[in-house]
Amino acid sequence: MSTLDRTDEEIDTLTNTAAAASGASASASFRTNEVYSGAAAGSSTERVDAVARALLKAVHRVIDEHEVTYPEFQAAKKWLMDVGEVGEWPLFLDVFVEHAVEEVASRSQHGSKGTILGPYYLPGQVQLTSPATLPARPDEVGTPLVFTGRVTDLDGSPLTGATLDIWHADSDGLYSGFAPGLPEGNLRGVVTADAEGRFEIRTIQPAPYQIPTDGPTGALTRAAGWSPWRPAHLHLLVSAPGHRTITTQLYFAGGEHLEDDVAEATKPELVLDPVENASGERVAEYDFALERD
Ligand code: DHB
Ligand code: FE
């Protein structure tokens, strides 16, 4: 049965079950995935003292300003324990905190804009050469998308050997390797651009992403009346020998939730505006400029 034959309730159940499992598998991925290995930061005693103390002070100030009660304190403790027990910390922190860390990091970066990595990156995906088609199911649902452009240095000279590690959600907003039932490596690939840094990648347009609604993160968004949505996006790590890798995401002009991304990770420079070609594919063009490392 394809997604198109399902009722709205069936899709809701499917998406929520899959989404819950995604939170937990993001924890397992975080522990084994080298891209997150900044975990051993090696900060000095002075640095730990300054940052940890400021963090605790901020918590104390919130308690004081909002006159937080004992029942609220105990409920918060239980909620924090629940997030850990179901493995939702990577998901929670990447949605609600990573954008602030990325904003600090981006102060010392030049070239194309970056944004958050998120919890769903998986290394070691299939290596492809441009023009490339990302692995997809035979009945993959979604509007065909051709993503094309160039990778250059800051002066606009082509970067030979540039690669685009790309991953994105399917038309249900689910990521392979995290939501159950999706083939391994679906809608993921590492594409090498040509000698002029040009790339052309065929895939489908992803759907907006909803943070899992049935775990403690979902309980918080409901209790607070927040939107659980991110706009549809492509994730990319763009690399070239001797250059600094860009971690970024690209969004779609006119798409839902561009203005109210729960992860606050959109930037005006990161919005694609695809145009339809004669074959009914949507063609989106984007150029990346990388600085030397
Ligand atoms: C989360 C999911 C994403 O797809 C993303 O790009 C960023 C964050 C999350 O659920 O934490
Ligand atoms: Fe994402």
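Biologist: Let's start with ligand 1: how far is one of its oxygen atoms from an N or O atom in the side chain of Tyr209?

Modeller: Bear in mind that this is a predicted model, where local features need pLDDT of at least 70, side-chain atom pairs count only at pLDDT 80 or more, and totals for chains, interfaces and linings use all residues. Residues are numbered from 1 along each chain as its sequence is written, chains are lettered from A and ligands numbered from 1 in the order written, and side-chain values use heavy atoms, leaving out hydrogens and water. A polar contact is a pair of N or O atoms within 3.5 Å (within protein, one must be able to donate a hydrogen and the other to accept it, and residues adjacent in sequence count only if both atoms are side-chain atoms). For Tyr209 and an oxygen atom of ligand 1, the distance is 2.7 Å.

Biologist: And how much of ligand 1's accessible area does the protein cover?

Modeller: There are other polar contacts too: a polar backbone atom of Leu91 is 2.7 Å from a ligand oxygen, and a polar side-chain atom of Tyr175 is 2.9 Å from one. On its own, ligand 1 has 300 Å² of accessible area (Shrake-Rupley method, 1.4 Å probe). The share covered by protein is 100%.

Biologist: Which element gives the largest share of the shell around ligand 1?

Modeller: The ligand has 14 residues around it (a heavy atom within 4 Å), with Leu91, Tyr175, Tyr209, Arg230 and His235 coming nearest. Three shell residues come from one DSSP run (helices have at least four residues, strands at least two). That is helix H4, residues 89-96.

Biologist: Which residues are the protein donors of the iron ion, ligand 2?

Modeller: Donors here are N, O and S atoms within 2.8 Å of the metal (3.2 Å for Na, K and Ca), with water not among the atoms, so the site may look incomplete. In sequence, the spacing reads Y-x57-H-x1-H. The donor atoms, an OH and two NE2, lie 2.0 to 2.1 Å from the ion and belong to Tyr175, His233 and His235.

Biologist: Is Thr248 buried or exposed?

Modeller: Thr248 is in strand E10 (residues 246-252), and its side chain reaches the backbone oxygen of Lys113 at 3.0 Å. Lys113, at 38% relative accessibility, counts as partly exposed, because that class falls between buried (under 20%) and exposed (over 50%), using a 1.4 Å probe and protein chains only. At 1% relative accessibility, Thr248 counts as buried.
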